[in-house]
Amino acid sequence: MASGVRVNEDVIKVFNEMKVRKSSTLEEIKKRKKGVLFVLSDNKKEIIVEKNKEILVGDDVADPYATFVKLLPLNDCRYALYDATYETRESKKEDLVFIFWAPEGASLKSKMIYASSKDSIKKRLTGIKHEWQVNGLDEIQDRRTLAEKLGGNSVISLEEIAL
């Protein structure tokens, strides 16, 4: 814990809910989180779930990935989890992606504290297969970049949109 920043238990709870897909009824599935942002608390001592910065599986949006990208601030850093649904030539898959958002418009101070706190949150989110550091809107809007992280050239669609 280089920065001394703690991870709030709500972050772990959200992660575990996203990781374990035990939803059985359609209503439960619709309430599952598709994407969520985490932010440093005002006093910069804790990583917390950012209020009203999530999308649910049941949200009525045409493109959940594009909606998720719009949640990201252009002038500050964030951590995020995104539950990517994608298809390879062999099968359909779902994987959680841990995203470290550090846009060019963020202050140097913000980039430094988020970078030094990243290990704190990563250690608590056990079992993450995909990690992605993103430094600009162009990079995150291009879903092929995410597809490469998920499965290289074998990914043929992301969120039911062909690549």
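This dialogue works through several features of a predicted model.

User: Where should a reading of the overall fold begin, and how many helices and strands does the chain have?

Analyst: A count of elements and their order give the outline. The secondary structure of this predicted chain comes to 6 helices and 8 strands. Followed along the sequence, these elements give the pattern β-α-α-β-β-α-β-β-α-β-α-α-β-β.

User: What does the radius of gyration of the chain say about its overall form?

Analyst: The value is set against the one for a compact globule of equal length. For 163 residues such a globule would have a radius of gyration near 15 Å, and the chain, at 15 Å, agrees with that. Along the principal axes, the C-alpha trace spans about 45 × 35 × 25 Å. Buried residues account for 43% of the 163 residues. The accessible surface comes to about 9000 Å², and carbon and sulfur atoms contribute 48% of that surface.

User: Among contacts between residues at least 6 apart in sequence, what share joins residues at least 24 apart?

Analyst: That share is 63% in this chain.

User: Which residues of helix H3 are buried, and how are they placed around the axis?

Analyst: One lists the buried residues and then looks down the helix axis. In H3, residues 64-71, the buried positions are Pro 64, Tyr 65, Phe 68, Val 69 and Leu 71. Viewed down the axis of H3, these residues fall within an arc of 150°, so they line one face of the helix.

User: Which residue caps the N-terminal end of H3?

Analyst: The cap is Asp 63, with a side-chain oxygen 3.1 Å from the backbone nitrogen of Tyr 65.

User: How is a pair of aromatic rings described, and how many such pairs does the whole structure hold?

Analyst: A pair is characterised by the distance between the ring centres and the angle between the planes. A search of the whole structure finds 5 aromatic pairs. One of them joins Tyr 65 and Tyr 82, at 5.4 Å centre to centre with 75° between the planes, and is edge-to-face. Tyr 65 belongs to helix H3 and Tyr 82 to strand S4 (residues 78-88), so this pair ties together parts 17 residues apart in sequence.

User: Are Tyr 65 and Tyr 82 buried or exposed?

Analyst: Tyr 65 is buried, with a relative accessible area of 1%. Tyr 82 also counts as buried, at 1% relative accessibility. Tyr 82 pairs with Phe 68 as well: the ring centres are 4.8 Å apart and the planes stand at 40°, so that pair is tilted. Phe 68 lies in H3 and Tyr 82 in S4, so the pair ties together parts 14 residues apart in sequence. Phe 68 itself is buried, at 0% relative accessibility.

User: Which residues form an aromatic cluster?

Analyst: Tyr 79, Phe 98, Phe 100 and Tyr 114 form one aromatic cluster.

User: How should the surroundings of a single residue such as His 130 be read, and what does His 130 touch?

Analyst: One takes its element, its burial and its contacts in turn. His 130 lies in strand S6, residues 130-134. It is buried, with a relative accessible area of 11%. Leaving out residues up to four places away in sequence, His 130 touches Tyr 86, Asp 95, Leu 96, Val 97, Phe 98, Lys 149 and Leu 150. The side chain of His 130 also reaches the backbone oxygen of Lys 149 at 3.1 Å.

User: Where is Ile 128 placed, and which residues is it in contact with?

Analyst: Ile 128 is in the loop between helix H4 (108-124) and strand S6. At 24% relative accessibility, Ile 128 counts as partly exposed. Apart from its neighbours within four places in sequence, Ile 128 is in contact with Phe 15, Leu 81, Leu 96 and Phe 98.

User: Which residues of helix H6 are buried, and which are exposed on the other side?

Analyst: The arc gives the answer here as well. In H6, residues 143-151, the buried residues are Arg 143, Leu 146, Ala 147 and Leu 150. They cover an arc of only 105° around the axis, which puts them on the same side of H6. On the other side of H6, Arg 144 and Glu 148 are exposed.

User: Which residue follows H6, and what is notable in its phi?

Analyst: Gly 152 follows H6, and its phi is positive, near 65°.

Technical notes
Residues are numbered from 1 along each chain as its sequence is written. This is a predicted model: local features need pLDDT of at least 70, side-chain atom pairs count only at pLDDT 80 or more; totals for chains, interfaces and linings use all residues. Side-chain values use heavy atoms; hydrogens and water are left out. Buried means under 20% relative accessible area, exposed over 50%, partly exposed in between (1.4 Å probe, protein chains only). Helices (H or I, at least four residues) and strands (E, at least two) are DSSP runs, numbered from the N terminus. The arc is that of the directions from the helix axis to the C-beta atoms. A polar contact is a pair of N or O atoms within 3.5 Å; within protein, one must be able to donate a hydrogen and the other to accept it, and residues adjacent in sequence count only if both atoms are side-chain atoms. Rings of Phe, Tyr and Trp (its six-membered ring) pair if their centres lie within 6.5 Å; planes under 30 degrees apart count as stacked, over 60 as edge-to-face and the rest as tilted. Contact means heavy atoms within 4.5 Å. The radius of gyration is taken over C-alpha atoms; the globule rule is 2.2 Å times the number of residues to the power 0.38. Accessible areas come from the Shrake-Rupley method with a 1.4 Å probe; for residues, only the protein chains shown count as cover.
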